[in-house]
Amino acid sequence: MHTFSPDIEALLSHLDQRGGGLRKKSDIGHIFEYAAEKANADLINRLIFSGKIIWSTYGVLRKTTEQTDGYANLEREFMQAVNDVRILIHEFTSEWEAEYRNRFEETYLGMNQGTIRNIVDLAHDLAEIKHLQQDARHSSGIGEVKDES
């Protein structure tokens, strides 16, 4: 088990206590640790956004059938978001030590059902992070109308 910085540990602990826990806690930790080291907020935000799309469309796909109107478009959107996450993971891990890079490549970049399930699990965690961002935005009053009376 990798030890993360106190900030990343606090984030992981908080996320793990929300909404059923994290599915890929260590991998999320590695991603955030690296993003913090490289000050790469843009890449992490793109990853969170794509992960949220995967998790949302996955939930809808599970409740529908191939005969449902719009199923093909939803499936296409899901696979596009999966591909986007794969590209981002490849970008993210290109400078990592071989041990971690190889494990991420095996876990997320293969073309089989197992890697799709791993990406969906990672997307669950990324969606939790997106929800945390949204909660923080709402609680800070950004976008809220203030009563001037």
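This is a short talk on the helices, the core and a few chosen residues of one protein chain.

Hello everyone. A word on the ground rules before the tour. We are looking at a predicted model, where local features need pLDDT of at least 70, side-chain atom pairs count only at pLDDT 80 or more, and totals for chains, interfaces and linings use all residues. Residues are numbered from 1 along each chain as its sequence is written, and side-chain values use heavy atoms, with hydrogens and water left out.

Let's begin with the whole chain. The protein chain has 6 helices and 0 strands; helices (H or I, at least four residues) and strands (E, at least two) are DSSP runs, numbered from the N terminus. Along the sequence, the pattern reads α-α-α-α-α-α. Along the principal axes, the C-alpha atoms fill a box of roughly 60 × 45 × 25 Å.

How much of the chain is buried? Of its 149 residues, 40% count as buried. Buried means under 20% relative accessible area, exposed means over 50%, and partly exposed is in between (1.4 Å probe, protein chains only). The chain exposes about 8900 Å², and carbon and sulfur atoms supply 49% of that; these areas come from the Shrake-Rupley method with a 1.4 Å probe, and for residues only the protein chains shown count as cover.

Now contacts, meaning heavy atoms within 4.5 Å. Among contacts with a separation of 6 or more, 69% are between residues 24 or more positions apart.

On to the core. A nonpolar core is a set of buried Ala, Val, Leu, Ile, Met, Phe, Trp, Tyr and Cys residues joined through side-chain atoms within 4.5 Å. The largest one here has 37 residues, and Ile31, Phe32, Ile54 and Phe92 have the most contacts inside it. Which helices supply it? Helices H1 (6–17), H2 (25–38), H3 (41–62), H4 (71–93), H5 (98–108) and H6 each give at least two residues. H4 gives the largest share, 9 residues.

Please find isoleucine 54. Beyond its neighbours within four places in sequence, isoleucine 54 is in contact with Phe78, Ala81, Val82, Val85, Ile119, Val120 and Ala123. Isoleucine 54 is also one of the buried residues of H3, a list that includes Leu43, Ile44 and Gly51. The buried residues of H3 pack against H2, H4 and H6.

Leucine 47 is in helix H3 too, and at 1% relative accessibility it counts as buried. Setting aside neighbours within four places, leucine 47 is in contact with Ile31, Val85, Leu88, Ile89 and Leu126. Leucine 47 and phenylalanine 32 are 15 residues apart in sequence, and their C-alpha atoms are 11 Å apart.

Leucine 12 makes a nice companion, this time in helix H1. Leucine 12 counts as buried because its relative accessibility is 1%. Its contacts beyond four places in sequence are Phe4, Leu22, Lys25, Ile28 and Gly29.

How about helix lengths? The expected span is 1.5 Å times one less than the number of residues. H6 (residues 113–139) has 27 residues and should span 39 Å, and its end C-alpha atoms are 39 Å apart, which agrees. H3, with 22 residues, reaches 31 Å, close to the expected 32 Å. At the N-terminal end of H6, asparagine 112 acts as a cap: a side-chain oxygen lies 2.9 Å from the backbone nitrogen of glycine 114.

Next, the rings. Rings of Phe, Tyr and Trp (its six-membered ring) pair if their centres lie within 6.5 Å; planes under 30 degrees apart are stacked, over 60 edge-to-face, and the rest tilted. The structure holds 7 aromatic pairs. In one of them, phenylalanine 104 and tyrosine 108, the centres are 5.4 Å apart and the planes are at 45 degrees, so the pair is tilted. These two are 4 residues apart in helix H5, so about one helical turn separates them. Phenylalanine 104 is buried at 1% relative accessible area, and tyrosine 108 is buried at 0%. Ring pairs link both of them with Tyr34, Phe92 and Trp96 into a cluster.

One last stop: alanine 39, in the loop between H2 and H3. Is alanine 39 buried or exposed? At 68% relative accessibility, it counts as exposed. Alanine 39 also has a positive phi of about 50 degrees, although it is not a glycine.

Thanks for listening!

Notes:
Polar contact = N/O pair within 3.5 Å; in protein donor to acceptor, adjacent residues only side chain to side chain.
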